[in-house]
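Trainee: Could we go through this structure together, taking the helix packing and then the ligand surroundings?

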Amino acid sequence: MALLSVSGLYKSFSGVSAVDGVSFSAEPGELLCLLGPSGCGKTTMLRMLAGLEDPDAGTIEFDDRTMNGLAPQQRGFGLMFQDLALFPHMDVFGNVAFGLRMQKLPSAQVQARVQELLDLVELGGLASRKVHELSGGERQRVALARALAPRPALLLLDEPFASLDLDLRRALARELGDILRQENVTTLLVTHDQEEAFALADRVGVMHQGRLEQWDSPYNIYHAPTNRFVAEFAGYGSFLRGEVLDENTVRTSLGELTGRSNAALIPGSQVDVLLRPEDVIADESAPLALPVTRRQFTG
Ligand code: ADP
Ligand code: MG
């Protein structure tokens, strides 16, 4: 039995659908990621899970309980949203301790848990800093520590690093995976950044116009996308038009390509063949002359 089961979730605003029949499930301790372009419904999805938005239809079950209709604080989930600011009048300690104090934990335990979390996010020495004395990256770590402190049953992260520059995003994304696995918290993260999703997630759901196009391992999303949208969103690649000769062979402008397909190939039909950059290898024994039409330096 899954820990989280989302089934047939719908939400529209003024007749326009934002989330259009999404279903998926999560096992305990999994790190899941919803990946998709801006406007595809990721935030709306998370807000429904958090209880900040009521679905028009569908059910959310967690630990065998129906969450529909429960207020956010009754769900026991941790939230870290892109625009969920820290409390500016509190220091770092106060921010991280907030949820623990709400739980009326004895102060010695609050102290110990806050210190544990600050050490985990490598801010051990900054407990008495004010929020305005922190860098952007430090603030995001404090927000993460604050969300994790009360040991949420499920952690919901909405583009937690979107406001940071690329270097810091990459570094924090790597650390986040380690931190979440150390805390063993079941997590659903949403992002539009394919690299971030692949680096972190056990399973990825690709969203497009409110629908979940594919829910799979990062490897399969990249190498066995179910459709053209997923293929294009998951990474660099080119498409070649081709004609199916038999179930393993397609004739293209580069010659006859042989391989396995995740769809049934019907001889005589026209198909698009996805070519990832790393699929192209130089074969010294059968050189092929290809003109270079354009090149671009990317470091
Ligand atoms: P994402 O987080 O993937 O960028 P959102 O869930 O924020 O996408 O938005 C999905 C769609 O729903 C967008 O078209 C957005 O304009 C619309 N939307 C989201 N929230 C509201 C709202 N409160 N009122 C009206 N439209 C909304
Ligand atoms: Mg969003």
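Mentor: In this predicted model, H3 and H4 are oblique to each other, because the angle between them is about 125°, and angles over 145 would be needed for roughly antiparallel.

Trainee: How far apart are the axes of H3 and H4, and what is the handedness of their crossing?

Mentor: Helix H4 covers residues 107-120, and the axes of H3 and H4 are 9 Å apart where the two helices pack. The crossing of H3 and H4 is right-handed.

Trainee: Which residues of H4 make the contact with H3, and how do the residues of the contact divide by class?

Mentor: On the H3 side the contact is made by Val-92, Phe-93, Val-96, Ala-97, Leu-100 and Arg-101, and on the H4 side by Val-110, Gln-111, Arg-113, Val-114, Leu-117 and Leu-118. By class, the contact of H3 with H4 has nine nonpolar, one polar and two charged residues.

Trainee: How is H3 oriented with respect to H5?

Mentor: Helix H3 (residues 92-102) and helix H5 (residues 136-148) have axes 7 Å apart and pack at an angle of about 30°. Since angles under 35 degrees count as such, H3 is therefore, with respect to H5, roughly parallel.

Trainee: Which residues form the contact between H3 and H5, and how many of them are nonpolar?

Mentor: H3 contributes Val-92, Asn-95 and Val-96, while H5 contributes Val-142, Ala-145 and Arg-146. Dividing the residues of this contact by class gives one charged, one polar and, for the class you asked about, four nonpolar.

Trainee: How is H5 oriented with respect to H6, and what is the handedness of their crossing?

Mentor: Helix H6 spans residues 166-183, and its axis lies 12 Å from that of H5 at an angle of about 20°. That angle makes H5 roughly parallel to H6. The crossing in which H5 passes H6 is right-handed.

Trainee: Which residues of H6 does H5 meet?

Mentor: From H5, the residues taking part are Gly-137, Gln-140, Arg-141, Leu-144 and Leu-148. The contact of H5 with H6 divides into seven nonpolar, two polar and three charged residues. The H6 residues are Leu-168, Leu-172, Glu-175, Leu-176, Ile-179, Leu-180 and Glu-183.

Trainee: Turning to ligand 1, what is the distance from one of its oxygen atoms to the side chain of Lys-42?

Mentor: The residues surrounding ligand 1 include Phe-13, Ser-38, Gly-39, Gly-41, Lys-42 and Thr-43. A polar backbone atom of Gly-39 is 2.6 Å from an oxygen atom of ligand 1, and a backbone N or O atom of Gly-41 lies 3.1 Å from an oxygen atom of the ligand. For Lys-42, an N or O atom in the side chain is separated from a ligand 1 oxygen atom by 2.9 Å.

How values were computed
Residues numbered from 1 in each chain as written. Chains lettered and ligands numbered in written order. Predicted model: local features only at pLDDT ≥ 70, side-chain atom pairs only at ≥ 80, totals over all residues. Heavy atoms only, no water. Axes fitted to C-alpha atoms, helices over the stretch in contact; angles between N-to-C directions. Helix = DSSP H or I, 4+ residues; strand = E, 2+ residues; numbered from the N terminus. Parallel < 35°, antiparallel > 145°, perpendicular 65-115°, else oblique. Contact = heavy atoms within 4.5 Å. Nonpolar A, V, L, I, M, F, W, Y, C, P; charged D, E, K, R; others polar. Near = heavy atom within 4 Å. Polar contact = N/O pair within 3.5 Å; in protein donor to acceptor, adjacent residues only side chain to side chain. Left-handed = near helix turned anticlockwise from the far one by under 90°.
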